[in-house]
2 protein chains.
Amino acid sequence: MTGRLYVVGTGPGSPEQTTPEALAAIAASHVFFGYGPYLDRLVLRDDQRRVASDNREELARAKDALMTAASGEQVCVVSGGDPGVFAMAAAICEAIEAGPPAWRALEVTMVPGVTAMLAVSARAGAPLGHDFCAISLSDNLKPWTVIEERLRAVAGAGLVIALYNPISKARPWQLGTAFAILREVLPWTTPVIFGRAAGRPDENIRVVSLADADPATADMATCVIIGSPETRVIERPGLAPLVYSPRSIGAIK
Amino acid sequence: MTGRLYVVGTGPGSPEQTTPEALAAIAASHVFFGYGPYLDRLVLRDDQRRVASDNREELARAKDALMTAASGEQVCVVSGGDPGVFAMAAAICEAIEAGPPAWRALEVTMVPGVTAMLAVSARAGAPLGHDFCAISLSDNLKPWTVIEERLRAVAGAGLVIALYNPISKARPWQLGTAFAILREVLPWTTPVIFGRAAGRPDENIRVVSLADADPATADMATCVIIGSPETRVIERPGLAPLVYSPRSIGAIK
């Protein structure tokens, strides 16, 4: 049997946000690779086998998955959210490029999903309603100086910023430093959203000003969205506020 | 009966990429507002009514939908892709902020979806595998000078760029000018992906270099992704190339 590889995004966490395409890819696969907590969300059959690994083992996991697919298995690599956003799709491509020629002949299918910033944005209103960017705050794979330069560039250009991987035990100071940099560029009244576990039972969405943004509010499961100077907050009696970035800016042509 | 408003993203176009949450919101609604081609994708019951409008009527559509929900109806505003990305969620928020107090008391639920750049990225490999941004190339709602400044800033900072609304009959020259600006900042070998109708039967994904990027390749249904200087192309015998942005850049700390 010819092996094949699916790289699947299961969405932010609620089964209600997993696409039929992702479920079909999971049903068609026999060996599953992924970070344990993501694999735990799957409902598997007796003939389906799981190989869990730590979330800092992405390249090793990618190689294992490709080797298994090349041996003729139907393999599924599982990411939360979307596999193409700070997740396994890039690791698979890296492994293919550096690997044996047989890996380039494998049929590889990436299955997109709802990435965290979209789920958080939906819960908050429409903070990503105009130009925006997604930046990983992890300096495990790029120098911190590059992250600083990027934060200044995108905030100065007026883009809304979604921060992935904002904080972890091994990276405790980066988010606070990021807020300090952004306070040099943006109005301190700029809305900041801490979106944790959007769409899941333990969901927690908090909206504060950049002045009051406290890194301790975030953990590994949080996506932090920082508004642009245009981003607005609508207070609502008895309901959560709506945060949104208007579709238009400045003087129109 | 108390009215309520769903703002739903149906994903890039294939029913296989629409979430169960979006389908549940559609099933619970009775009046549907949206751009005609998006409403055409829905399978509605006899008791469900549709109100189609042109795709440049977003604010008027938002007001109509809010008025209808405030009258006690279960209303659904439909976007393709994700409603929070250059779509109806921001228009609804704008209308609420400018509208009567009763609109602030309405229960409003945004339902996220797979936005076009994620679907295109999945088909191409993992071009959004590291820091990236989404920029609308439409100068209907912001000055062209702002768009130029943003393109220079994000390309200079090394972000991958997804362009929404790249071209239309009324905006024929903007995409060509954007490519010209990017050729001043990025290597001419940078991969450019023209992703049309990703996930649909008429899907068309083309990968060229920035030097060869021709605006005529794009239409209104195209999402254009321009790589960063790190973005790579893996050629594969008998298969489409994989385009990806590595997870790491530069010298690691």
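Q: Over how many bridges do strand β12 and strand β13 of chain A pair?
A: This is a predicted model, so take the geometry in that spirit. Strand β12 covers residues 232-236 and strand β13 covers residues 239-244 of chain A. The two pair in the antiparallel sense, and the count of bridges is 4.

Q: Which residue in the turn of the β12(A) and β13(A) hairpin has a positive phi?
A: Start with the pairing: I234(A) stands opposite L242(A) in β13(A). The two strands form a hairpin with 2 residues between them. The turn has a phi of about 75° at G238(A).

Q: Where is F86(A) found?
A: F86(A) isn't a glycine, yet its phi is positive, about 50°. For background, most residues other than glycine have a negative phi. F86(A) counts as buried because it has 25 C-beta neighbours inside 10 Å. Its place in chain A is the loop between β4 (74-79) and α4 (88-98).

Q: Is N165(A) buried or exposed?
A: N165(A) sits in the loop between β8 and α8 of chain A, and its phi is another positive value in a residue other than glycine, near 50°. The cut-off for burial is 20 or more other C-beta atoms within 10 Å. N165(A) has 20, so it counts as buried.

Q: Which residues is Y164(A) in contact with, leaving aside its neighbours within four places in sequence?
A: Y164(A) belongs to strand β8 of chain A. It is buried, with 20 other C-beta atoms within 10 Å. Once the neighbours within four places in sequence are set aside, the contacts of Y164(A) are F86(A), A116(A), A134(A), S136(A) and C223(A).

Q: What distance separates the C-alpha atoms of Y164(A) and G36(A)?
A: These two residues are 128 residues apart along the chain. In space, their C-alpha atoms are separated by 19 Å.

Q: How many Å does helix α8 of chain A reach from its first C-alpha to its last?
A: Helix α8 spans residues 174-185 of chain A, which makes 12 residues. At 1.5 Å a residue, you'd expect 16 Å. The model comes close to that, at 17 Å.

Q: Which exposed residues are on the face of α8(A) turned away from its buried side?
A: The buried residues of α8(A) are Q174(A), L175(A), A178(A), F179(A) and L182(A). They cover an arc of only 135° around the axis, so they sit on the same side of α8(A). Their cover includes α7 (144-156), β8 (160-164) and β11 (222-226) of chain A. Turned away from that buried side are the exposed residues A180(A) and E184(A).

Q: Which strands are included in what covers the buried residues of α1(B)?
A: In helix α1 of chain B (residues 20-27), E21(B), A22(B), A25(B) and I26(B) are buried. Their arc around the axis is only 140°, which puts them on the same side of α1(B). The cover over them includes, from chain B, β1 (4-9), β4 (74-79) and β5 (107-111).

Q: What is the bridge partner of F32(B) in β4(B)?
A: Strand β2 of chain B (residues 31-35) is mostly covered, with 5 of its 5 residues buried. It pairs with strand β3 (residues 49-53) in the parallel sense over 5 bridges, and G34(B) stands opposite A52(B) there. It also runs parallel to β4(B), joined by 4 bridges. In β4(B), F32(B) is partnered with C76(B).

Q: Which residue of chain B comes closest to the rotation axis?
A: Laying chain B on chain A takes a turn of 180° and a shift of 0.0 Å along the axis, with an RMSD of 0.0 Å. That is the relation of a two-fold axis. At 1.9 Å (C-alpha), the residue of chain B closest to the axis is C133(B).

Q: Which residue in β7(B) does F132(A) stand opposite?
A: Strand β7 of chain A (residues 132-136) is joined to strand β7 of chain B (residues 132-136) by 3 bridges. The two run antiparallel. Opposite F132(A) stands A134(B).

Q: How many charged residues does the side of chain B that touches chain A have?
A: The contact takes 68 residues from chain B and 68 residues from chain A. By class, the chain B side has 37 nonpolar and 16 polar residues. Its number of charged residues is 15.

Q: What percentage of the interface residues of chain B are also interface residues in chain A?
A: The copies meet through the same surface. That follows because the share of chain B interface residues that are also interface residues in chain A is 100%.

Terms used:
Residues numbered from 1 in each chain as written. Chains lettered and ligands numbered in written order. Predicted model: local features only at pLDDT ≥ 70, side-chain atom pairs only at ≥ 80, totals over all residues. Buried ≥ 20, exposed ≤ 12 C-beta atoms within 10 Å, placed from the backbone. Arc of directions from axis to C-beta. Contact = placed C-beta atoms within 7 Å. Nonpolar A, V, L, I, M, F, W, Y, C, P; charged D, E, K, R; others polar. Pairing = 2+ DSSP bridges. Expected span 1.5 Å × (residues − 1). Least-squares fit on C-alpha atoms with pLDDT ≥ 70 in both.
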